[in-house]
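Reader: Could you walk me through this model the way you would read it yourself? I would like to learn how to go from a feature to what it tells me.

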Amino acid sequence: MEHEGIFDEMWGRDGVLREPYARFNAWFEGEDPKRLRAKQREAEELFRLTGITFNVYGRAEAEERLIPFDIIPRIISAQEWQKLSRGIDQRVRAINAFLHDIYHRQEIIKAGRIPERLISGNEAFLPQMIGVSPPGGVYTHIVGIDLVRTGPEEFLVLEDNARTPSGVSYMLENRETMLQMFPELFSHNHVQPVQNYPRDLLRSLMACAPQTASGKPTVAVLTPGIYNSAYFEHAFLADQMGVELVEGTDLRVVDGRVAMRTTRGYKPIDVLYRRVDDDFLDPLNFNPDSRLGVPGIMDVYRAGGITIANAPGTGIADDKAIYSYMPDIVEFYTGEPPILKNVPTWRCSEPEALAYVLDHLDELVVKEVHGSGGYGMLIGPTATKRDLAAFRKKLKARPGNYIAQPTLSLSTVPIFSRTGLAPRHVDLRPFVLVSPDGISTTPGGLTRVALKKGSLVVNSSQGGGTKDTWVLEE
Amino acid sequence: MRLKIRHRTRYVFDHPVSYGLQQIRKTPKSTHQQVVYDWTTRVAGGRKELSFEDHHNNIVELLSFERDATELVVTSAGEVELSNTNGVVGRHIGPAPLWLYRQVSARTRPGPAVRALTRAAEGPSDIERLHALMKLVSGAVAYEVGTSHSDWGAEEALTQARGVCQDHAHVFIACAREMGFPSRYVSGYLMLDDRVEQDAMHAWAEAHVDGLGWIGFDPSNGISPDERYVRVATGLDYADAAPVIGMRVGGTGEALDVEIEVAQQ
């Protein structure tokens, strides 16, 4: 294809159709592009109707904006997925072991594998979690691992999302839409289902209930409310699981438990899937100005009366400063070399790394340690001289605030453009559920695609779109 | 020495409290220098929801107000048998790593005044430097009841040159951390020789010295705690060890009355 050296997941590097796409391509070639274009429009209309919208910060005029959906699926073979899911499993196991250790004996610091300052100087470390053992030993009930691909066998972890990863509703809606639009495609291709996710999520959350729970555990989803950018997802997941969607004002401490107001009085909650950040979770223990949280929920949690999913303080595991130590962390806790590799990362807090980054700024991507959503980052190769100079200043002023990575040649997957198939860069966020019964990754995930030609930024806040992600049966 | 302690806090409200919680840290723990007997917390106008031990190893109780309460009375009482260890509390125990006590907290953030006082604390050994610091703190912050604010930090107390035991403790902690010692705030009871009735708990500081462990320093009285001191709660500063942290809906027009009795048995 046109992109020299870049791995296209459909056409490889040399334009030869890859096996996972064989059946899809046969179907595609038999389709009338006009019909597909109509289907693309229909799909967009479907999304508008179901109301999947996404609020973009700093864009008042378009408070609710649709994330564009592309009808060409991203297809992963069973073998590719097997290796990937083994790597994810290993990484998530390590993250949970790391969190337990960091909030207990801190063996990894004593062993000299990570510097103490990495934890002690980290705002994501939550002292109130010290000595707390969450029910079932699970810290990250729901994880999203952001992956990029650079070749047939090369998947790299870009970021771990161990706090409150979002996007799973898109994974589900994208599949639902494809099933409705192109049912015939799914009879030619045997695609592993993702539709069981809500059921699996509920089962997984229930398995993490505290010992105080009697009978069938009561689960609820805590949302910050309708003004939150992911409110749709909160409502969607509560609905799909058949559990209550609650806000902080619906909850209070009753008989030593966190209970929700119902028409028949207060009912205790065993497992709270919260989509409220740590700082806002409990005004009695954290930010006293928060109106989104539940006063005293941390006290109930520490007394063993509720499961909070994900556990407070898990941000210490997905912090970008920690990220660069993940290969060590995986090895320390699993005793195995990491199956999934990290993107090479320079920690600007280290003088030698900083010097290198300053010298090669126009080749690198520089990110804020605590940033997310693609805000506040520098993409060296596309930055102007002025941008580079400004960033150089920022780096020198607060080196510890930044990490740098090489610009990777991310794989592409075709999108359905006006002129037919056109390659665009993608990433992948599989969703992982953790319970005492084990770790399971839903086959597929959320594929985000940079719709602009040549663009590497896939964030929906920066104009990215999504695709249905297929993992084929063996 | 055996002390009998009774601590009663009474809140009266002009308008009823529709919902409210109090997180209290008023229960002392037995350690090698103090043994606690028959300690009870009684609540009128509210109820005890739960209790747990926090990351500083403090006993925490969560209380809730009765619906539409106009009065809440919390009475803690018990006896404590004390021995004099010359301020030595001993090796670090509890879930928190020692490095936590090197962290700067809101009320112990150092400024120019804290740094200047730190530089003046000299001595041939760690212990002597800390004792020198204790004297400097008492000299720099005059003990004046009712003139400081409970939200003052170390730097403000030093700049204003006045305060109470809480301010003394914060200044000592901020300086000790600047000197490189893990340091923490202690709230507790102090038996006074001339009277039984008091109107506030006492506060002092502890610093961790390699080889000796935690050692107490009471800048307000210029001594290391002896058998008259009952340790109740510790933390990075007042906010972690405060006897009461509360929230409520309604309950305007609060009147607070605190009675503390510390008597030798």
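**Reading the model together**

Author: Gladly! Let's start with a single residue: with 12 C-beta neighbours inside 10 Å, Asp255(A) counts as exposed. Keep in mind that this is a predicted model.

Reader: Where is Asp255(A) placed, and what is notable about its phi?

Author: A general idea helps here: most residues other than glycine have a negative phi, and most peptide bonds are trans. Asp255(A) sits in the loop between β6 and β7 (257-262) of chain A. Its phi is positive, about 50°, although it is not a glycine.

Reader: What is phi of Gln106(A) near, and in which loop is Gln106(A) found?

Author: Phi of Gln106(A) is near 55°, again a positive value in a residue other than glycine. The loop in question runs between α3 (78-102) and α4 (107-110) of chain A. Gln106(A) counts as partly exposed because it has 17 C-beta neighbours inside 10 Å.

Reader: You mentioned peptide bonds too. Which residues does a cis peptide bond join?

Author: Ala309(A) and Asn310(A) are joined by a cis peptide bond, with omega about -10°. Asn310(A) lies in the loop between β10 (307-309) and α12 (315-318) of chain A.

Reader: Is Asn310(A) buried or exposed, and what does Asn310(A) touch?

Author: The cut-off for buried is 20 or more other C-beta atoms within 10 Å. Asn310(A) has 26 C-beta neighbours inside 10 Å, so it counts as buried. Not counting residues up to four places away in sequence, Asn310(A) touches Tyr139(A), Thr140(A), His141(A), Ile142(A), Ala162(A), Arg163(A) and Thr164(A). By contrast, the C-alpha atoms of Asn310(A) and Ala404(A), 94 residues apart along the chain, are separated by 28 Å.

Reader: How many residues apart in sequence are Lys396(A) and Cys348(A), and how far apart in space?

Author: Lys396(A) and Cys348(A) are 48 residues apart in sequence, and their C-alpha atoms are 9.2 Å apart in space. Lys396(A) belongs to helix α16 (residues 385-397) of chain A. With 11 C-beta neighbours inside 10 Å, Lys396(A) counts as exposed.

Reader: Let's turn to whole helices. How many residues of α6(A) are buried?

Author: First, a check on its length. At 1.5 Å a residue, the 14 residues of helix α6 (residues 168-181) of chain A should span 20 Å, and its end C-alpha atoms are 20 Å apart, which agrees. As for burial, α6(A) is mostly covered, with 10 of its 14 residues buried. Among them are Tyr170(A), Met171(A), Leu172(A), Glu173(A) and Arg175(A).

Reader: And when helices meet, at what angle do the axes of α8 and α9 of chain A cross?

Author: Here is the general idea: an α-helix has 3.6 residues a turn, so residues three or four places apart point the same way. The axes of α8 (residues 197-206) and α9 (residues 231-241) of chain A come within 9 Å and cross at roughly 80°. α8(A) and α9(A) are therefore roughly perpendicular to each other. Pro198(A), Leu201(A) and Leu202(A) of α8(A) meet Leu237(A), Gln240(A) and Met241(A) of α9(A). The contact residues comprise five nonpolar, one polar and no charged.

Reader: Which residues of α1(B) and α4(B) meet?

Author: On the α1(B) side, Val114(B), Arg115(B), Leu117(B) and Thr118(B) meet Val171(B), Ala174(B), Cys175(B) and Glu178(B) of α4(B). Five of the contact residues are nonpolar, one is polar and two are charged. The axes of α1 (residues 112-120) and α4 (residues 165-178) of chain B come within 9 Å and cross at roughly 65°. α1(B) passes α4(B) in a right-handed crossing.

Reader: Finally, how many residues of chain A are in contact with chain B?

Author: There are 19 residues of chain A in contact with 19 residues of chain B. On the chain A side, α5 (116-120), β6 (251-254) and α11 (297-302) are the elements that give two or more residues. α11(A) gives the most, with three residues. That side of chain A divides into eight nonpolar, seven polar and four charged residues.

Technical notes. Residues are numbered from 1 along each chain as its sequence is written. Chains are lettered from A and ligands numbered from 1 in the order in which they are written. This is a predicted model: local features need pLDDT of at least 70, side-chain atom pairs count only at pLDDT 80 or more; totals for chains, interfaces and linings use all residues. Helices (H or I, at least four residues) and strands (E, at least two) are DSSP runs, numbered from the N terminus. The expected span of a helix is 1.5 Å times one less than its number of residues. Axes are lines fitted to C-alpha atoms, for helices over the stretch in contact, and angles run from 0 to 180 degrees between N-to-C directions. A crossing is left-handed if the near helix is turned anticlockwise from the far one by less than a right angle, and right-handed if clockwise. Two residues are in contact if their C-beta atoms, placed from the backbone, lie within 7 Å. Ala, Val, Leu, Ile, Met, Phe, Trp, Tyr, Cys and Pro count as nonpolar, Asp, Glu, Lys and Arg as charged, and the others, Gly among them, as polar. Angles under 35 degrees count as roughly parallel, over 145 as roughly antiparallel, 65 to 115 as roughly perpendicular and the rest as oblique.
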